[in-house]
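I open this entry to record what I looked up, beginning with burial and ending with the enclosed and open spaces.

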Amino acid sequence: MQYPRLTRPALALALMAAMAGAHAEGLYVGGALGAPQYSNTINGYGSGDGGGRGVATKLYGGYQLTPNFAIEGNAFHLGRSTTTGDGSARIYGVGVDGVASLPVAQGWSLQGSVGVAEARLTTPTARDTSPALKAGVGVQYDLNSAMALRVGYDRYHFTNAFDSKPNVGATFVGLKLNY
């Protein structure tokens, strides 16, 4: 499995933040699994019909600056988009987001995020890297002061992947751990 050069350092940083989190208020880590949705073909691979295969994954860590705003770093894999018989496109990357929360009921909050990412896009014939603009929406339910469930949708708009601008999304369900 190939990862962009920044993925391993980002994961190491997230793990260090998790270990240091017991001494710092506001730190959190989490992980999520999801379903990828490829709206475009990638270098001619995939159907581009909004479908995707495999499991999308996301690991993240962040710091809650205020009760309603956090900065979050993440590493992600957006599953794959497959064309019958001739291979698939895969996307791995890292990103940073600003995350806003709006409490709506006891334990429930709406979330929105805006950020940037850098990803490696891989097909059977080539590899490319591209920056991306990212936006997300979701809902969080606090199970207790240390754990929360998150459900959300992230959308990536790659700005220069194989001389095109593909859009890829993923619906995620995950767990957030506060320190």
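Before anything else I fix the term that I need for burial: a residue is buried when its relative accessible area is under 20%, exposed when it is over 50%, and partly exposed in between. The model I am reading is a predicted one.

**Entry on the loop between β7 and β8**

I looked first at F162, which is placed in the loop between β7 and β8. Its relative accessibility comes to 18%, and because buried means under 20%, F162 counts as buried. I then turned to D163, which lies in the loop between β7 and β8 too, and which at 76% relative accessibility counts as exposed. What I noted about the backbone is that phi of F162 is near 55°, a positive value in a residue other than glycine, and that D163 has a positive phi of about 60°, although D163 is not a glycine either. I wrote these values down because most residues other than glycine have a negative phi.

**Entry on aromatic pairs**

How many aromatic pairs does the structure hold? I find 4 aromatic pairs. In one of them, F76 and Y156 lie 4.6 Å apart centre to centre, with 35° between the planes, and the pair is tilted. This pair links distant parts of the chain, since F76 belongs to strand β3 (residues 69-83) and Y156 to strand β7, 80 residues apart. I checked the exposure of both partners and found F76 buried and Y156 buried as well. In addition, F76, Y156 and F158 form one aromatic cluster.

I went on to W108 and Y141, whose ring centres are 4.7 Å apart and whose planes stand at 45°, so this pair is tilted. Here too distant parts of the chain are linked, with W108 in strand β5 and Y141 in strand β6, 33 residues apart. As for exposure, W108 is partly exposed, with a relative accessible area of 41%, and Y141 is partly exposed, with a relative accessible area of 31%.

**Entry on charges over rings**

I looked up lysines whose charged ends sit over rings and noted K58, which has its charged end over the ring of F172, 4.9 Å from the ring centre. I also noted K176, whose charged end sits over the ring of Y28 at 4.4 Å from its centre.

**Entry on A105 and S109**

I found A105 in strand β4, where A105 is partly exposed, with a relative accessible area of 43%. The C-alpha atom of A105 is separated by 9.6 Å from that of Y141, which is 36 residues away along the chain.

S109 has its place in strand β5 and, at 9% relative accessibility, counts as buried. Which residues is S109 in contact with, leaving aside its neighbours within four places in sequence? I list L102, P103, V104, G138, V139 and Q140.

**Entry on the cavity**

I count 1 cavity of 30 Å³ or more in the structure, and the volume of the largest cavity is about 220 Å³. Its lining has 20 residues, and those closest to its centre are K58, Q111, R150, G152 and D154. K58 is thus the lysine I had already noted over the ring of F172. At least two lining residues come from each of β2 (53-66), β4 (87-105), β5 (108-122), β6 (127-142), β7 (147-158) and β8 (167-178), and β7 gives the most, with 5 residues. By kind, the lining of the largest cavity divides into 7 nonpolar, 7 polar and 6 charged residues.

**Entry on the pocket**

The largest pocket has a volume of about 380 Å³. I find 22 residues in its lining, of which Q64, Q140, D142, K176 and N178 lie nearest its centre. Two of these names recur from above: Q140 is one of the contacts of S109, and K176 has its charged end over the ring of Y28. Two or more lining residues come from each of β1 (27-38), β4, β5, β6 and β8. Which strand gives the most to the lining of the largest pocket? I note β4, with 4 residues. The lining of the largest pocket divides into 9 nonpolar, 10 polar and 3 charged residues.

Methods: Residues numbered from 1 in each chain as written. Predicted model: local features only at pLDDT ≥ 70, side-chain atom pairs only at ≥ 80, totals over all residues. Heavy atoms only, no water. 1 Å grid on protein atoms, 1.4 Å probe; cavity = no way out; pocket = protein on both sides within 12 Å on 5 of 7 lines; lining within 4 Å. Points joined across faces, edges and corners; volume = space filled by probe spheres on them. Nonpolar A, V, L, I, M, F, W, Y, C, P; charged D, E, K, R; others polar. Phe/Tyr/Trp six-rings, centres within 6.5 Å; stacked < 30°, edge-to-face > 60°. Buried < 20%, exposed > 50% of the residue type's maximum accessible area, 1.4 Å probe, protein only. Lys NZ or Arg CZ within 6 Å of the ring centre and 35° of its normal. Contact = heavy atoms within 4.5 Å.
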